[in-house]
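Subject: Structure handover

Hello,

Here is the structure we talked about. Please open it alongside this note. My findings follow below it.

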Amino acid sequence: MSEINAPIKQPPATAKDGGSAASGMEPKRPIKISSGEYHQRWRLIKDALARYGVVAGGLGVIVAIVLIFFYLLYVVYPLFISASAAPVSEYPVPEQALGNTLLLAIEEQNEVAARFTDSGQVVFFNAATGKTLLTQAVAIPEGAHITSFAQGSPIKEGAVIYGLSDGRAIIAKQQYKVTYPDNVRLITPSLKYPLGEQPLALDESGAALEAIAVKVGSDSTTIVAKTADKIRLINFKKELSLFADEAALTRTDSVLDLPTAGIAEILIDKDESNLYLINNDGQLGYFDISDKSSPDLKQQLNVVDAGQKITSVTFLNGDLSLMIGDSSGLVSQWSMVRDKLNRPAMQKIRAFKVSDKAIIAINSEQRRKGFMTTDADGIVGIYHSTAEREMIKERVSDALPSTAILSPRANALLLQSAAGNMHFWQVDNEHPEVSIKSLWQKVWYESYPKPDYIWQSSSANNDFEPKYSLTPLVFGTLKASFYAMLVAIPLALMGAIYTAYFMAPGMRQYVKPSIEIMGALPTVILGFLAGLWLAPFMEEHLTGIFALLMIVPVGVMLFAFAWQFLPKTITQNLPEGWDAALLIPVILLSGWIAFQVSVPLETYLFHGTLQDWLKAEMGIGYDQRNSLVVGVAMGFAVIPTIFSIAEDAIFSVPKHLTVGSLALGATPWQTMIRVVLLTASPGIFSAVMIGFGRAVGETMIVLMATGNTPVMDLSVFQGMRTLAANIAVEMPESEVDSTHYRILFLAALVLFMFTFVFNTLAEVIRQRLREKYSSL
Amino acid sequence: MIKAWFKSGTPWVWLNAAAVSTCLIMVVGVLGLIVVRGVGHFWPAPVIQFSYQEPGGPVQTIIGEHIDTSITPAAMAKSTGHIMADDEDTLVQYLIKTGNRDITGADFRWILERNIQQQQTPAELMVVERREWGNFYGQLLAVKESGKIIAAGDQAWPAAQARIDQALAIFKEIAHLEKKEVGAINYSLEQLRLEQKRLELNNRWDAAAEQRLAAEKAELEIDYKKYQTQLSELYRQIRRDSLVATTEGGKEIEIPVAKVVRIFQPNTMSRFDKVWHYGAKLVEFLTDDPREANTEGGIFPAIFGTVMMVIMMSIIVTPFGVIAAVYLREYAKQGFITRLIRIAVNNLAGVPSIVYGVFGLGFFVYILGGNIDQLFFPEAAPAPVYGTPGLLWASITLALLTLPVVIVSTEEGLARIPKSIREGSLALGATKLETLWLTVLPMASPAMMTGLILAVARAAGEVAPLMLVGVVKMAPTLPLDGNYPFLHLDRKFMHLGFHIYDVGFQSPNVEAARPLVYATSLLLVLVIVGLNLSAILIRNHLREKYRALEG
């Protein structure tokens, strides 16, 4: 290798000859001075190049660590930038002559929008330019006119219902077909009638339908309609018979037992099993309509402050909570919460002070738990309920808004002003779910009895409320490291003290490498043993483990006490500093005794197993893969780290200090405690720090030796989920650049910062210590 | 007196000694546990026939291998719902591997010792290792060829052996044809498809190119047809024979020979036979592909993947680590910058490995890989080539992770080289680079070697980051094969450590897989402990050498 690019053939043997090289070795042949100027220059150029290369390489290490940090930050950063909205276009309301707008809708791609008018027309138009694409009239029968209107659900181009003056109703549905002629996307809108074009007769007497609500499901449709004196509930159930191709509709009718006065809003949830009626004075009536023939009034309560009126109400995505806006500009979220007796009851779980004016409209997002408010001042706000975050607050039009809608992907909004203009805005709101509160504080999630710390990142369905509380994960991480350190610190530090100071050099030569080998064992093997061998073993011998903790130290002490009474002839045969070897059989024996004793002890003390006793007497559950298992396994992994660094620190305490102390008459133990440990304490501290850093970031052991449930439970007999294990479990399944993905990066960043602080601190302390020793 | 004894501090010294002893016991215990469990797996255990009668039930026959014994004290047994007699102190249960999962639905069964009426080891009991449904335990009745019995009774055993040997040879040929030949054709076809797309993207897709590709394709398809007929003939041959056997319940079942890996009668095997069997199983373990969702067969792809990854990583980490160490020791002025670098090195060593995985996935795979795909492999879109976890990214990620190990070790080696050697070289007129290249680095090479060995040991055992950047539970192809360009850095690979995690924790049949996991662990531990010991030896040797040099 030395020949490759050496212009001057120096004898490469210098390295091999060792000792003589230093003491002026005779060159085997005279150095040939290169005659060419070129060669000389080339040598210098190469030297300079190498210098730059090496410097760059050396600084590359810093670059690497900085790169990791900034890359993590770069991925996490979008979580914390605020959302923005910007106008795209403004145009007069298309086909204004066809009546006032009842409802606006936009399809998935934000290309086509629809305007449902009070004259029964549907105008489809280009959302960006306002150009009319298609106008269709809903098949309103002769002689009737529209008296009420409602949208079933904004999701999936949901159905709308028209209540008519003759007690009948029509359900219509917008549909968008996407085709790619010539590789250009073309969206064709159309109108469909899911329950047929014929109006459905809801009120036999022909009274006008004053308010109406509908939910169209795949095989069941529920309509609630209010006439002047009755509130009717009608359900159509599709029953597929075996032989007919056409499904037959079964109709169920019932009348709600509630006075009709003042009922302004009717809401049916997506399962068609809960019905909410809201009247103008802020009364909310909640019915259980699982049985369509006998609706059951469960609760009636006031949902706004005295003197205020409900001005707008809608479901939050998922139909589990109601967002109620009142005349004071407050939007409150009401959700079904089970009380102590397991009865469902509506409860206010949070409120947003949106404005000082009345809320005139609330629109919820279709994929997330966000919503848009429009107030009487003309200000549009976009909020996220779980994160309790105000994302956007903008004045979209100078005139008062009359109707507004958020696009299905919540990346655009369309607003009609009273002045007859349409405003099309784009919204940039990628990660509304994240706020300091939603990550670190207690959050009251929908259908939960109280605010809590929950990590539950994903679920199969679309309207799931993601629960991104990092608190249980950080708690789990600290819990796991705490138990690991509980095992590792005493063993490692005591071991280090003995090995560095008392042990015979002959034994130390073997002990140190063996403990370091312990550190080289792959954690996946430790985790595997912990999960599949130690956990069942511990479950079976729990009492034995506790007996071990008590009996082994006692056994060692007894042995040590007895040792001094042994005849000198025996004790002197043992060379000094080999006590540890002597203790191995003692520990094994007392360990064996501990397990033997534990069985009768357990029967005597607990009349059965310790686990049962704990469960019955103390109410402590036992999980097979618990913190104790993790503590032992991870302790095992951390011992070598702490041991090695602490041992080095103690061993390199200058000899003259200890010798001086001993010469002054101190016992070896006093020297150890008062002189050596004191001097080496910064080193020991940094050993513990580095060990702790390792425990915090350990992944495989925790992944395999715990149940990975993100619970916040201090019990030794329960598992946990740590930040690192959480990343390992969820990262492969998370969608790139989604909120979940970025939060996992945030977890990695938290781990990184954590270990960075600990390691830097430890390293600085160690560097100081080294300087101190060299000055002593 | 006890007070005086405590005051002297002796008990505390003893207690500290006990801590060391405990650590040693733990290390030896863990290693011993792995060795004992890992070594025993391949030894053919006797197959025992139990006459078993549950209280009030009929006598049944259970055939299987004894796996484990559990002894539960009476009180505990009572609390778990067992009925205990007054004179019983303990409840003894045996875990029996009964196999025959296709018939009984489970491989394992716990039985109570007190219900065993009789147990014996009849010579004629056989174990059939199958490619599906795990082991079969029972008696061989006959051998069938195309549905007709050709051997029964005493002749059945040798006939079965012969047929199985025959079938294994055919199986090997089929595997060769399917994996190598047909695999190569499929690979070429895929390359042709990509080439076509590439030409189309570059607007160079014309009649000439179309003709050329069509011709190549036709050629490949002819080959493919040829192999297809060969294969169907081989399949016909291998499916011809079957074994007829009875289960413990006396049920007669037919096992196709094609599904049999080996049959043996452990109760009649001599010690030599058992050693032979052990050797054969060991070779299978080390050189074969896994079967049955990784719970049976070998771990060759995992060994191969680990080795490939480690080699790639070594190639990447060594130059960087050595250069950084050289900078720290030879070029940099000791001061603020070097302190900063040391802190950086220490942090690199201390950052949790999973963070490297996250970084590797985000930065290497999605950013670097995604851009490489856009620039160089537009024809493969939307399927990613380098924009997905794979061998290259795993190697780079682990190189970053092991960088501190190499730096620290090399630096230590450089620090031990006496200054006089450098000064001598410089005094003779060599430039700094020449000094470094010709004297210092050769002398420090054992230290670099140590660092590299430690890095390899670390990388071989690391799992968490690999789960994110390229390891899979089952890779269909090795990263190195006979198809140009031979080394496929974009492929996913299997890894010993991940294999342990996956088989031990994600497998549907953990109990059956456990012995294999112990064996895999043993292999991994042997490799890692071996590497570490050699590193320690080299280091000690080096220290001695330089001590002599300085003196």
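One caveat before the details: this is a predicted model.

**Where the chains meet**

Chains A and B touch through 100 residues of chain A and 96 residues of chain B. On the chain A side, the top contributor is helix 2, residues 37-76, which supplies 20 residues. By residue class, that side of chain A splits into 67 nonpolar, 26 polar and 7 charged.

**Nonpolar cores**

The largest nonpolar core holds 227 residues. Six of its members touch the most other members: A:Ala633, A:Ile642, A:Ala646, A:Ile701, A:Ala747 and A:Ala748. Helix 4 of chain A, residues 471-502, gives this core its largest share, at 19 residues. A second core lies apart from it and has 92 residues. Its members include A:Val93, A:Trp334, A:Phe352 and A:Val354.

Which residues does A:Ala748 contact, once neighbours within four places in sequence are left aside? In chain A, they are A:Leu72 and A:Ile727. In chain B, they are B:Val355 and B:Val358.

As background, nonpolar side chains in soluble globular proteins tend to be buried together.

**The sheet in chain B**

Chain B has an open sheet of 5 strands, ordered 4-3-2-1-5, with antiparallel pairing. Which strands sit at its edges? They are strand 4 (108-112) and strand 5 (116-120), and each pairs on one side only. Ignoring direction, neighbouring strands in this sheet are turned by 45° against each other on average.

Look at strand 1 of chain B, residues 47-53. It runs antiparallel to strand 5 of chain B, and 4 bridges join the two. One residue to pick out is B:Ser51, whose bridge partner in strand 5 is B:Gln118. In general, strands of a sheet pair through backbone hydrogen bonds.

**Annotated regions**

Two UniProt annotations are worth marking in your viewer, both from unreviewed entries.

- Chain A, residues 474-762: UniProt lists "domain: ABC transmembrane type-1". In the model, this span is 79% helix and 0% strand. The C-alpha atoms at its ends lie 22 Å apart.
- Chain B, residues 210-237: UniProt lists "coiled-coil region". In the model, this span is 100% helix and 0% strand. Its end C-alpha atoms lie 40 Å apart.

Best wishes

Note on methods. Residues numbered from 1 in each chain as written. Chains lettered and ligands numbered in written order. Predicted model: local features only at pLDDT ≥ 70, side-chain atom pairs only at ≥ 80, totals over all residues. Pairing = 2+ DSSP bridges. Axes fitted to C-alpha atoms, helices over the stretch in contact; angles between N-to-C directions. UniProt positions renumbered as here; feature names shortened; annotations may be inferred. Contact = placed C-beta atoms within 7 Å. Nonpolar A, V, L, I, M, F, W, Y, C, P; charged D, E, K, R; others polar. Core = buried A, V, L, I, M, F, W, Y, C linked by C-beta atoms within 7 Å. Buried ≥ 20, exposed ≤ 12 C-beta atoms within 10 Å, placed from the backbone.
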